[in-house]
Amino acid sequence: MAETKRKSRDNPNGKKSKKQKTLATQRDNKRKRRGPRLPSKFRKELDRLNPSGAGRSPSGSDAEERIDSDEGEVYAGNDVYEYEEGVTEEESKKNRRFDQVENLEYEMPEDFEDENVSSDDENEDDNAGEDSSGEEEHGDGRHSRMLQEITGMPGEAFEGKKKKNNNVITEAYPESEYNPSRDVLDGHGQISIEDLLDPLHGTSGYSMLRKRVHQMERKSGPTPTPLPKVERKRLDRKAAYQHSNKDALKWVPLIKRNREAGTIIFDNDVDLGFSTVGAIASEFEPRTEFEKKMASLVYDEKVMDAHKKDGARLLELNEVSVEDERDRQNRIAKMRSLLFRHEMKAKHIKKIKSKTFHRLLKKDRLKAASSENQIDPEAAKELARKHEFERAKERITLRHKSGSKWAKRIKERGLKAQDEGTRAAIAEQQHQHSLLTRKMNSMNDTSSSEESSDGDESDGYSSGEQDRTSRLLEEAKEKTLKVINEEDEVPNSGLLSLPFMVRGMKKRDEAAAEEAKLALEDFESLSKQLDGSSRGENTKVGPSSGRMVFNAAGTQAQKSSKTKSDDRTKADRFYDDSDGENDIEAEDNNDDEDICFHKHEVSFFSPCGSQSFDDIAKDPGPKTTDEVAIFASGAWKKVKAENNRVKGGNNNADKKKSPVALESVSKNEDLQVFHSFTYLLISGTLVKETEKDLGEDSDSDSEGQMVDGILSSGPKASYELPSQAELIHQAFAADNVEDDFEKHKQEILNEENPEPEKPVLLPGWGQWTHVQQKKGLPSWMVKEHDTAKKKREEALKKRKDAQLKHVIISEKLDKRAEKLYTKTLPFPYTSKEVFEQSIRMPIGPEFNPATAVGALNRPEVMKKPGQIIKPIEFEEVDPHKKTEQLKHVGQKQKQKQKQKPKQKQKKNKIVVWRRGCSGRVSVRRVGGNGWSALGLVGRHLGWSVGVREDRSAFWGRSVGVGVEMVGRHWGWSVGVREGRVRVLEGQSAFGMVSRCS
Amino acid sequence: MEEISEEIDIKVKKYLRGEGANLEVLQDKKLKGQLAVREELYGKSAKAAAKAEKWLMPSEGGYLEAEGIEKTWRIRQEAISREVDISSSRNQFDITLPDLGPYTMDFTSSGRYMTFGGRKGHLGIVDMKNMDLIKEIQVRETVRDVVFLHNELFFAAAQKNYPYIYNRDGTELHCLKEHGAVLRLQFLKNHFLLASINKSGQLHYQDVTMGQMVGNHRTGLGRTDVMRVNPFNGVVALGHSLGTVSMWKPTSSAPLLKVLCHRGPISALAFHPNGHLMATAGKEKKIKIWDLRKLDYELQNIPGHANTLDFSQKGLLACGTRSSVQILGDLSGAQNYSRYMNHSMVKGYQIGKVVFRPYEDVLAIGHSMGWSSILIPGSGEPNFDSWVANPFETSKQRREKEVRSLLDKLPPETIMLDPTKIGTVRPAKKKEKPTKQEREAEMEAAIEDAKDIDFKRKTKGRNKPSKRVKKMQETVAKAKRPFLEQNMEEEELLARKKQKTSEVVELPVSLQRFAKKKTLT
């Protein structure tokens with residue numbers, strides 16, 4: 001570069017500079033012009049003197065200088081002249097820069113001029129003159145002063161003139177802003193801003209301009225040099241960062257809020273408008289004719305006024321003409337009659353049941369009847385009677401015996417010709433017939449059937465050949481008896497009623513009777529023989545007091561009560577209460593019975609005595625002996641007494657039944673009454689046995705009491721004997737329970753943390769030398785033992801029950817319960833305490849009011865499927881405001897604004913209370929104008945409460961859990977508004993008067 | 001106004017269920033913010049609940065209050081009956097049933113129904129609202145205890161040989177033969193478990209929904225008929241003859257807790273409904289009250305004897321002995337139980353059981369001549385929660401509740417001393433030995449690491465492949481060694497143990513007969 005500079009200096013003519021020359025080259029030229037090239041020695045000296053300049057100056061290497069100049073960054077540190085001129089070092093750099101730039105522009109033509117002159121000397125001179133510009137200026141100043149003095153004209157004019165004159169000759173181009181004149185370029189005769197401003201004096205805006213100029217002048221110091229690019233860029237970046245930071249920071253509160261929000265809701269801001277029917281209705285505006293008419297009627301001022309004040313005025317307004325009322329009544333009457341008829345019809349139709357229904361009904365009825373007759377003897381009897389009747393009817397009418405037209409026709413055509421249904425129907429009919437005509441044996445209570453069943457039962461009991469023969473005998477006996485009985489009946493009309501016929505028959509009867517008697521006697525003897533042998537066997541069978549007796553008595557008793565049931569308790573109850581009365585009855589009864597009774601008594605004491613006909617018939621012989629035995633044992637009275645006592649409690653209840661039973665008993669013969677006694681005897685013993693069983697059954701510790709309770713009928717003993725087990729329990733309770741407990745605790749501790757084994761060497765190892773004993777155990781062993789011991793002690797100390805002397809807390813971990821714990825601390829948590837505190841509150845609906853449950857359980861993000869999630873929109877958020885739970889992301893702001901006019905509407909909405917605090921609360925919206933009811937079901941009664949839009953409250957009884965409103969004007973009660981509890985003054989159903997807010 | 005706000009503040013505290021976490025400790029700002037929001041929500045919820053309670057539960061329980069020199073325990077039942085309303089005075093009655101022995105009874109959780117069992121087999125259910133005998137049966141067997149299952153439809157009776165479950169109509173539904181001859185029965189409502197202790201001291205838990213036997217533990221502490229369930233956590237407590245009280249849960253065969261409460265045998269036991277107080281009575285004529293959270297010594301030691309104890313919903317303690325009942329009350333609120341009321345029955349009546357009727361100020365006394373019911377003001381909770389127990393429940397509600405409670409049934413393992421710990425971080429195991437797999441994995445990892453080591457390239461001659469391989473093998477072996485050593489040690493330990501056990505068992509043939517004899521004796 002330097003060389004080129006030199007070159008350009010050497011032949012400046014060749015270098016016709018163009019106006020478009022770059023600034024840099026101009027500056028180069030200027031520098032070249034300014035400073036002669038100093039020898040390197042001088043330069044170094046200068047560098048030494050001016051290190052700051054030297055540091056920057058490319059004093060050594062030409063290459064670096066070139067780079068500098070290429071970049072256009074020229075430093076004048078190497079410009080020696082500046083320094084010499086005595087410009088302050090600090091300013092030098094900046095100063096020169098901007099001045100140079102300005103000057104260069106103006107000096108260019110000067111350069112140009114020089115070239116035009118093309119004299120090296122002049123150039124040099126010029127340079128020198130410029131270099132010693134201070135002096136020159138000084139000289140100029142004097143000259144101009146002199147001129148001023150002479151001419152009295154301002155110096156500038158001369159200066160300019162002088163310059164101009166200098167230039168006039170050489171000016172090649174007309175002066176313009178592109179070609180400034182030389183003195184302009186030189187800085188002499190400058191046109192200051194004041195000069196420019198002066199002509200404007202007086203015009204509008206002048207003062208303002210002046211002011212601005214002043215300001216500029218005041219500020220206008222030397223403009224600093226631009227910073228290096230790196231630094232500038234850094235500064236730029238910094239500024240940009242700050243800017244963008246500010247821009248980004250405005251999002252922070254928004255983002256913070258979203259991050260901290262429990263739930264973010266993405267929703268379309270769908271404006272659903274009013275939420276209540278009342279609200280919608282209130283917005284209604286009449287449009288059509290009709291609507292307008294209605295509105296004018298409804299919102300009539302008079303009516304409204306009346307509404308507001310009281311109901312009396314309303315009545316006046318509500319006048320109805322007589323005709324209208326009549327019409328209305330007629331209409332209603334008509335409607336009512338129609339309704340009534342329709343109802344009747346419906347009822348009728350409802351009553352008609354299908355065939356299947358009836359069939360099923362019948363089936364059910366039958367079933368019920370059959371089950372009933374199994375239980376109730378009366379019902380059974382009734383049923384039997386009914387069956388009998390039906391049988392008779394069937395036998396008379398033969399309704400089911402294929403005598404009908406239909407059946408006959410089918411018969412004619414032949415069964416085979418019929419289809420299956422018909423055949424089945426026929427079969428069914430026949431079956432019905434057979435069913436109906438079947439004899440009802442079981443239900444009959446005739447003596448013959450009784451006997452036969454008696455025989456049957458004895459059948460059941462007896463076994464083996466003997467029994468069979470005895471049965472045969474009995475049958476034979478029965479038949480003969482039957483014959484006798486039957487022949488007793490004499491027809492009292494017809495041929496047979498003629499006297500001779502009667503006589504003949506009597507004779508024949510007598511003969512037959514004798515024969516029969518003989519036969520009977522034979523049978524009797526035979527049966528006795530058999531009985532004698534069989535009794536021996538039978539005694540083995542039952543441990544109870546004589547099996548025959550039991551059987552006979554049992555069966556008889558059952559017969560007499562006419563029940564098939566063998567319920568023991570029932571039977572014994574029955575006889576229990578009947579016995580006393582029967583005694584009396586038996587005595588009161590007629591002679592025959594008395595005689596009979598005596599007969600039996602005789603038979604008691606003479607088992608082999610004379611046998612009356614009845615005796616033989618009923619075969620009481622074998623039992624009597626046993627009964628006597630019981631009498632003799634004296635157990636009778638005791639048993640009876642016991643029975644009385646034990647069953648005393650039941651007597652009352654059973655008395656209702658007893659009349660029926662008595663009836664049946666009185667129908668029977670005395671013999672049966674007696675049998676009942678015998679049964680009583682037996683049942684008495686039985687009862688005793690069962691009670692004993694009970695006594696034995698009850699566990700050992702209460703045995704004493706139990707026996708006591710049965711035997712002593714008086715009040716309970718006040719002192720309860722401790723049972724055996726209890727006594728033992730107490731006796732063996734150790735005195736030193738505490739020691740025992742401690743021992744036990746030690747055991748458990750040892751079990752859970754076993755004690756370390758004592759270190760032992762192999763037996764005999766090293767013992768003979770006594771070395772071992774002297775040295776003791778090897779140190780490592782002792783150490784191991786000690787550490788183990790320490791470990792154990794630590795473990796014991798860590799136990800929860802370490803400090804509790806009388807407590808053992810199990811340290812065993814329950815594997816099954818382990819799954820109830822969290823394995824590790826969940827992610828965002830770092831401390832266990834915080835986590836545990838955060839889960840301390842249950843969030844379920846059972847533990848929280850309904851208003852809070854939703855908020856507590858909301859998912860993190862709520863959005864509907866298909867919802868487009870828009871990018872986040874900026875929105876002013878107060879960072880210090882407490883965050884709300886809900887964050888609606890979207891055009892929330894707008895929504896809010898939209899909702900503003902509706903707020904009044906919202907205010908009066910009742911918020912549903914929590915369910916199940918002490919009752920149930922339900923809210924029901926009723927009327928069209930925002931009526932709401934809030935029901936509370938209290939402890940005893942429910943009441944409902946509501947709040948109207950104008951804050952007035954009403955109350956009513958609720959029915960069950962639902963809410964029912966009764967009145968609107970009377971009473972007050974509790975209401976809830978916007979989730980806040982508010983008691984409205986007044987009186988509730990319970991007379992609660994309270995006022996607060 | 002201020003009063004109300006104070007009142008509400010107290011209730012809010014109750015509903016907050018403890019202090020919130022200290023968020024200042026947290027580093028994580030996001031979590032902090034979220035937790036703060038949560039806490040705020042909790043606060044709101046608690047406040048709402050408190051307010052709801054304020055207005056929805058207006059009834060407050062009261063106590064007898066004496067004026068001047070009057071003493072509450074001098075006030076007799078007759079005096080009370082003169083003062084109370086008709087419906088309450090209907091709750092004073094004696095039912096005399098002299099024949100069928102001492103009676104025991106149980107109430108449903110709503111207090112509406114009572115089942116009773118006479119020693120001599122008299123069972124029945126009574127609707128206490130209208131004093132209607134719903135069903136009465138005679139089982140002709142000793143009945144030792146009766147207990148309602150989850151609702152009034154079913155009840156269990158401990159009879160002579162087995163417990164049975166009956167329905168309301170007296171139909172026998174189940175015979176629980178596995179339980180044996182049971183002395184006491186208890187039903188765990190939330191877990192649907194029927195707990196029983198039998199004559200041989202075995203504790204059984206049976207799930208009444210599935211019929212599965214959930215737990216069967218030998219207590220090993222002898223026969224006892226003192227058993228109560230802690231209503232707070234479902235832990236069953238047994239009182240033993242050596243003065244200890246043991247607490248059990250179905251899933252562990254060892255007792256959770258054993259406390260030496262008395263020097264004599266324990267005669268009765270009861271739990272406060274909040275689950276923290278326990279009252280025990282010993283045969284050495286002492287009644288003690290314990291705080292279960294702080295068991296080092298009893299809260300109170302009251303002289304007196306009790307055959308039976310029961311806490312009311314409001315915390316009154318009834319003690320029954322012979323023919324008198326004493327009610328103790330914590331009137332000062334400082335867990336200091338003092339005499340509150342007395343009631344003596346006809347001389348000679350032996351009180352077998354006292355039970356407070358829930359949601360009523362009534363104490364039912366089962367004794368040898370039937371049962372009685374007396375008024376104890378302030379014993380029952382005045383406000384019922386129809387979601388918990390509704391005395392006015394309709395059948396439909398009952399059905400719904402049954403379904404709901406079945407859905408909410410808790411598994412048996414949730415029974416533990418402190419159920420609030422459920423969901424928290426698992427307590428660290430005592431000394432968790434790594435399992436075999438874990439140890440193997442660890443070793444593998446160590447070997448891998450050792451293999452990954454890059455060796456220095458040595459100078460020529462020393463960098464032979466054979467040498468490199470050797471070096472590699474050496475490092476691997478080095479990495480392996482500690483693990484192998486550990487394994488060896490363990491094996492050795494095992495072997496030693498085995499040896500010990502085998503030493504005991506295996507004797508020389510010639511000596512074996514002696515050993516046998518020894519074991520026999």
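In the predicted model, strand 12 (residues 202–207) of chain B and strand 13 of chain B run antiparallel and are joined by five bridges. Within this pairing, Leu203(B) stands opposite His217(B), a residue of strand 13 of chain B. Both strands belong to an open sheet of four strands in chain B, in which the order is 10-11-12-13 and the pairing is antiparallel. The edges of the sheet are formed by strand 10 (182–188) and strand 13 (213–218) of chain B, each of which pairs on one side only. On average, and with direction ignored, neighbouring strands of the sheet are turned by 15 degrees against each other.

At the other edge, strand 10 of chain B pairs with strand 11 (residues 193–198) of chain B over six bridges, again in the antiparallel sense. Val182(B) stands opposite Asn198(B) of strand 11 of chain B. The two strands form a hairpin with four residues between them. In the turn of this hairpin, Phe192(B) has a positive phi of about 55 degrees. Although strand 10 of chain B is an edge strand, six of its seven residues are buried, so the strand is largely enclosed by the rest of the structure.

The sheet is one part of a chain with many strands: the secondary structure of chain B comes to 28 strands and eight helices. Chain B has 521 residues, of which 47% count as buried. When contacts in chain B between residues at least 6 apart in sequence are considered, 47% of them join residues at least 24 apart.

Several loops of chain B were examined in more detail. Gly111(B) lies in the loop between strand 2 (103–107) and strand 3 (113–118) of chain B. Its relative accessibility is 1%, and because residues under 20% are classed as buried, Gly111(B) counts as buried. Beyond residues up to four places away in sequence, Gly111(B) touches Met128(B), Arg357(B) and Pro358(B). Of these contacts, Met128(B) is 17 residues from Gly111(B) in sequence, and the C-alpha atoms of the two are 7.7 Å apart in space.

A positive phi was also found in two loop residues of chain B that are not glycine. Tyr359(B), with a phi of about 60 degrees, is found in the loop between strand 26 (351–357) and strand 27 (362–367) of chain B. Tyr359(B) has a relative accessibility of 10% and therefore counts as buried. Gln335(B), with a phi near 55 degrees, is found in the loop between strand 24 (324–329) and strand 25 (338–344) of chain B. Gln335(B) is partly exposed, at a relative accessible area of 28%.

Contacts between the two chains are illustrated by Ser45(B), which is placed in helix 2 (residues 29–56) of chain B. Ser45(B) is buried, with a relative accessible area of 1%. Leaving aside residues up to four places away in sequence, Ser45(B) touches Asn848(A), Pro849(A), Ala852(A) and Leu856(A).

In chain A, helix 24 (residues 420–437) consists of 18 residues. From its first C-alpha to its last, helix 24 of chain A reaches 26 Å, close to the 26 Å expected at 1.5 Å a residue. The buried residues of helix 24 of chain A include Thr422(A), Ile426(A), Gln429(A), His433(A) and Leu436(A). Seen down the axis of helix 24 of chain A, the buried residues fall within an arc of 95 degrees, so they line one face of the helix. In an α-helix there are 3.6 residues a turn, so residues three or four places apart point the same way. The buried residues of helix 24 of chain A are covered by elements including helix 22 (377–397) and helix 23 (405–413) of chain A.

Confidence varies along chain A. The average pLDDT of chain A is 62, and 42% of the residues score at least 70. Confidence in chain A is highest in helix 20 (residues 322–351), at a mean of 94, and lowest in strand 10 (residues 980–983) of chain A, at a mean of 35. Over residues 99–135 of chain A, pLDDT stays under 50, and the model has 60 contacts beyond four places in sequence for this stretch. Over residues 536–718 of chain A, pLDDT likewise stays under 50, and the model has 185 such contacts.

Definitions and conventions: Residues are numbered from 1 along each chain as its sequence is written. Chains are lettered from A and ligands numbered from 1 in the order in which they are written. This is a predicted model: local features need pLDDT of at least 70, side-chain atom pairs count only at pLDDT 80 or more; totals for chains, interfaces and linings use all residues. Side-chain values use heavy atoms; hydrogens and water are left out. Two strands pair if DSSP finds at least two bridges between them. Axes are lines fitted to C-alpha atoms, for helices over the stretch in contact, and angles run from 0 to 180 degrees between N-to-C directions. pLDDT is the predictor's confidence in each residue, from 0 to 100. Contact means heavy atoms within 4.5 Å. Buried means under 20% relative accessible area, exposed over 50%, partly exposed in between (1.4 Å probe, protein chains only). The expected span of a helix is 1.5 Å times one less than its number of residues. The arc is that of the directions from the helix axis to the C-beta atoms.
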